[in-house]
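Colleague: I am new to this structure and would like a close look at a single part of it. Please pick one residue, describe its surroundings, and then work outwards to the rest of the chain.

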Amino acid sequence: MAGRTARLMLLAGGAALASGSQGDREPVYRDCVHRCEERNCSGGALRHFRSRQPIYMSLAGWTCQDDCKYECMWVTVGLYLKEGHRVPQFHGKWPFSRFLFFQEPASAMASFLCTLRETVCSFTFLPPKEPLIHVLSVSLNAWFWSTVFHTKDTDLTEKMDYFCASTVILHSVYLCCVRTVGLQHPAVASAFRALLLLMLTVHVSYLSLVHFDYGYNLAANVAIGLVNVVWWLAWCLRNQRRLPHVRKCMVVVLLLQGLSLLELLDFPPFFWVLDAHAIWHISTIPVHVLFFSFLEDDSLYLLKESEAKFKLD
């Protein structure tokens, strides 16, 4: 959960460049796409394309126009490399070698592994640890849409990836409120939850119905992300002597913030598959195991504390 926060704090505005990049502004790319679409994407040529397109590609939403952009991207990349120029980005992304229907294979696989991790944890954390299911379900949904987005980048999958990531951050802030304040003052936690739900509703509504403003999205997520990180760290520092297991949480937050710096290493993907984003995804998988260990320890601690108070009463 903290990992999604770290990612958004560094990259939530990165897609602002998606409206245009050096590669897709090149006349050779534009001309190539135009000729390809005229030649292959209408009439009998389109029917022929659809007849030979693998079923998994059509089910994943890959169109004739998408294929033209993909093929022309590599034509342009080849010219850049031949002339000794740095590889350009296209539509805000580095060129990736497509595998089956996966647009960004490494990132999609890494997101899928994170989804699998959340699923396993959901079935592992059985009563009396059922409150953790709420944490896992929110995170599971976010990683699912991350997988879908890296499989096929569309307007819908991009928005779902962003919205679900924002939900994870807000939910993490809510959990922090519950853990630090809500146990003693449930009404405060309930009011804070209502406020966060209102913020999420306004945020999603504005981006969906008014304007998908990447700059605003960046500012909103950075602000909430900073609140999330500072709040958790402050609580950990205050309670690390009384509750030794909170050191796990502190290590997780610090590690994920550090690992998120990998995202700043913006470079063309190795072998046209493995980029900084995929490396970041993969590196966070073992860290989240420690985070879930903290959640389990803390849930058991609270359960024992509750049972002790019940016996005293």
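Modeller: Take Lys 93, which counts as buried because its relative accessibility is 18% (buried means under 20% relative accessible area, exposed over 50%, and partly exposed in between, with a 1.4 Å probe and protein chains only). This is a predicted model, in which local features need pLDDT of at least 70 and side-chain atom pairs count only at pLDDT 80 or more, while totals for chains, interfaces and linings use all residues. Residues are numbered from 1 along each chain as its sequence is written, and side-chain values use heavy atoms, leaving out hydrogens and water.

The partner of Lys 93 to begin with is Asp 153: the two form a salt bridge in which the closest N and O atoms are 3.6 Å apart (a side-chain nitrogen of Lys or Arg within 4 Å of a carboxyl oxygen of Asp or Glu). Lys 93 sits in the loop between α6 (64-82) and α7 (105-124), and Asp 153 in the loop between α8 (132-151) and α9 (155-182), so this pair ties together parts that are 60 residues apart in sequence. Helices are DSSP runs of H or I with at least four residues, strands are runs of E with at least two, and both are numbered from the N terminus. While Lys 93 is buried, Asp 153 counts as partly exposed because its relative accessibility is 26%.

Two further salt bridges end on helix α13, starting with the one between Arg 179 and Asp 298, whose closest N and O atoms are 2.5 Å apart. Arg 179 belongs to helix α9 and Asp 298 to helix α13 (residues 276-312), so here the parts tied together are 119 residues apart in sequence. Both Arg 179 and Asp 298 are buried. The other pair is Lys 248 with Asp 297, at 2.6 Å between the closest N and O atoms. Lys 248 is part of helix α12 (residues 246-259) and Asp 297 of helix α13, so this bridge joins parts that are 49 residues apart in sequence. Lys 248 is partly exposed, at 26% relative accessibility, and Asp 297 is partly exposed too, with a relative accessible area of 27%.

To return to the starting residue, Lys 93 is joined with Glu 104 and Asp 153 into one network by salt bridges that share partners. The count of salt bridges comes to seven.

The loop that holds Asp 153 also holds Lys 152, between α8 and α9. Lys 152 is buried, with a relative accessible area of 9%. Lys 152 lies over the face of Trp 62, at 4.8 Å from the ring centre (NZ of Lys or CZ of Arg within 6 Å of the ring centre and within 35 degrees of the ring normal). Arg 98 is placed over the face of Tyr 70 in the same sense, 4.2 Å from the ring centre. Apart from residues up to four places away in sequence, Lys 152 touches Ala 60, Gly 61, Trp 62, Asp 66, Gln 103 and Thr 157 (contact means heavy atoms within 4.5 Å).

The loop between α6 and α7, where Lys 93 lies, also takes part in an aromatic pair. There are 14 such pairs (ring centres of Phe, Tyr or the six-membered ring of Trp within 6.5 Å; stacked if the planes are under 30 degrees apart, edge-to-face if over 60, tilted otherwise). One of them is Tyr 29 with Phe 90, a tilted pair with 5.3 Å from centre to centre and 55 degrees between the planes. Tyr 29 lies in helix α3 (residues 27-40) and Phe 90 in that loop, so the pair ties together parts that are 61 residues apart in sequence. Tyr 29 and Phe 90 are both buried. Elsewhere, one aromatic cluster is made up of Trp 232, Trp 235, Phe 291 and Phe 294.

A last residue to look at is His 203, in helix α10 (residues 186-210). His 203 is buried, with a relative accessible area of 8%. Leaving aside neighbours within four places in sequence, His 203 contacts Ser 166, Tyr 216, Asn 217, Ala 220 and Asn 221.

Now the chain as a whole. The chain has 13 helices and zero strands. Of its 313 residues, 45% count as buried. Among contacts with a separation of 6 or more, 72% are between residues 24 or more positions apart.
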